[in-house]
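Reader: I would like to learn how to read helix packing and burial from a set of coordinates. Could we work through a case together, step by step?

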Amino acid sequence: MKRMLSGIKPTGRLTLGNYIGAIRNFVAYQDDYEMYVFIANMHAITVPQERAELKKNTKDLIALYLAAGLDPKKATIFLQSDVHEHAELGWIMTCNSYMGELQRMTQYKDKTAKGETGITAGLFTYPSLMAADILLYDADYVPVGLDQKQHVELTRNLAERFNNRYGDTFIIPEPLVSKVGAKIYSLQDPTKKMSKSEENPKGTIDLLDEPAVARKKIMSAVTDSLGIIQYDPEHQPGVSNLLTILSSLNGESIESIVERYKGKGYGDFKKEVGAAVFDFLSELQAKYKEILSSGMVEKVITEGNEKARRSAHKKLMKVKKKVGFQLF
């Protein structure tokens, strides 16, 4: 069985975009791949985090993973910081990375272009750690959003560079981008990605939003003046975004939804999208609350950490031997 790995940073509250673009796919993939899913809390501290908030977000993320359908019997769910091999291989990958490569990475490039100050060295080098996250587990595939393919390309470059220098060591991973729902956009500015850090709260639906509040956000979502329900991201980004959300939540193809709404207005369409979001969040949050109160989070992470450590340790020992760190 092929292996797949991915993770999400526990910064801010998870959004509907995170679910549709990532978590939903993890759940679908766990029956066909050996899944490794981790909470990337080491990546979270590339920017300052409040201790209590980071702990809460981490626990919430694990509970939401489980509530969304990740099965710990099928997927290894673990905490990045509890597996020290990530940091060790991360340093080795950093030493195999070139400054020019890291300078071209989107997050660093965007922040420097804006003239931001206080950028940490961790923000500059975290793509090397991300490569280590993937390579530690011999992942064949990495499910990513459209804006994250760059990280997998760097990982591939580093793996090939290491293999050329030291001999065959790492599997070269492939990015896997979902065709539907790979990127969900802001409800208020559908030209921008729905983000945990968005300033306008009406643009983002948090997975822990009150369902009625989320439905209201859908009803106030920006559309256009054309009055036609069709999938046209260039000319009708708002309507296209809502079509993607509805299709992702109810499983109906976008083509079928468009056909149903021929000759109908935006009001009825938004009501259906709002109802789908309301029902989804109501069910998800009920499971989330049950999981948090059951003590399941601690059990799942303890078992997942142990399994991840075994796999990561074996790979790291092989790497350290090839680099020349092992004397005996």
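Author: Let us start with a pair of helices, keeping in mind that this is a predicted model. Helix 4 (residues 85–94) packs against helix 13 (residues 296–323) at an angle of about 30°, and their axes lie 10 Å apart.

Reader: How is the relative direction of helix 4 and helix 13 to be described, as roughly parallel or roughly antiparallel?

Author: Angles under 35 degrees count as roughly parallel, and helix 4 and helix 13 are therefore roughly parallel to each other. The crossing in which helix 4 passes helix 13 is left-handed.

Reader: Which residues make the contact?

Author: Helix 4 contributes E85, E88, L89 and I92, while helix 13 contributes R309, A312, H313, L316, V319, K320 and V323. By character, the residues of this contact between helix 4 and helix 13 divide into 6 nonpolar, 1 polar and 4 charged.

Reader: Turning to helix 10, what span should its 14 residues have?

Author: The expected span is 1.5 Å times one less than the number of residues, so helix 10 (residues 237–250) should span 20 Å, and its end C-alpha atoms are indeed 20 Å apart, which agrees.

Reader: Is helix 10 largely enclosed or largely open?

Author: Buried means under 20% relative accessible area; 11 of the 14 residues of helix 10 are buried, so this helix is largely enclosed by the rest of the structure. Among the buried residues of helix 10 are V239, L242, L243, I245 and L246.

Reader: Against which helices do the buried residues of helix 10 pack?

Author: They pack against helix 1 (16–29), helix 9 (211–219), helix 11 (254–260) and helix 12 (266–294). Helix 10 is then followed by G251, whose phi is positive, near 80°.

Terms used: Residues numbered from 1 in each chain as written. Predicted model: local features only at pLDDT ≥ 70, side-chain atom pairs only at ≥ 80, totals over all residues. Heavy atoms only, no water. Axes fitted to C-alpha atoms, helices over the stretch in contact; angles between N-to-C directions. Helix = DSSP H or I, 4+ residues; strand = E, 2+ residues; numbered from the N terminus. Parallel < 35°, antiparallel > 145°, perpendicular 65-115°, else oblique. Left-handed = near helix turned anticlockwise from the far one by under 90°. Contact = heavy atoms within 4.5 Å. Nonpolar A, V, L, I, M, F, W, Y, C, P; charged D, E, K, R; others polar. Buried < 20%, exposed > 50% of the residue type's maximum accessible area, 1.4 Å probe, protein only.
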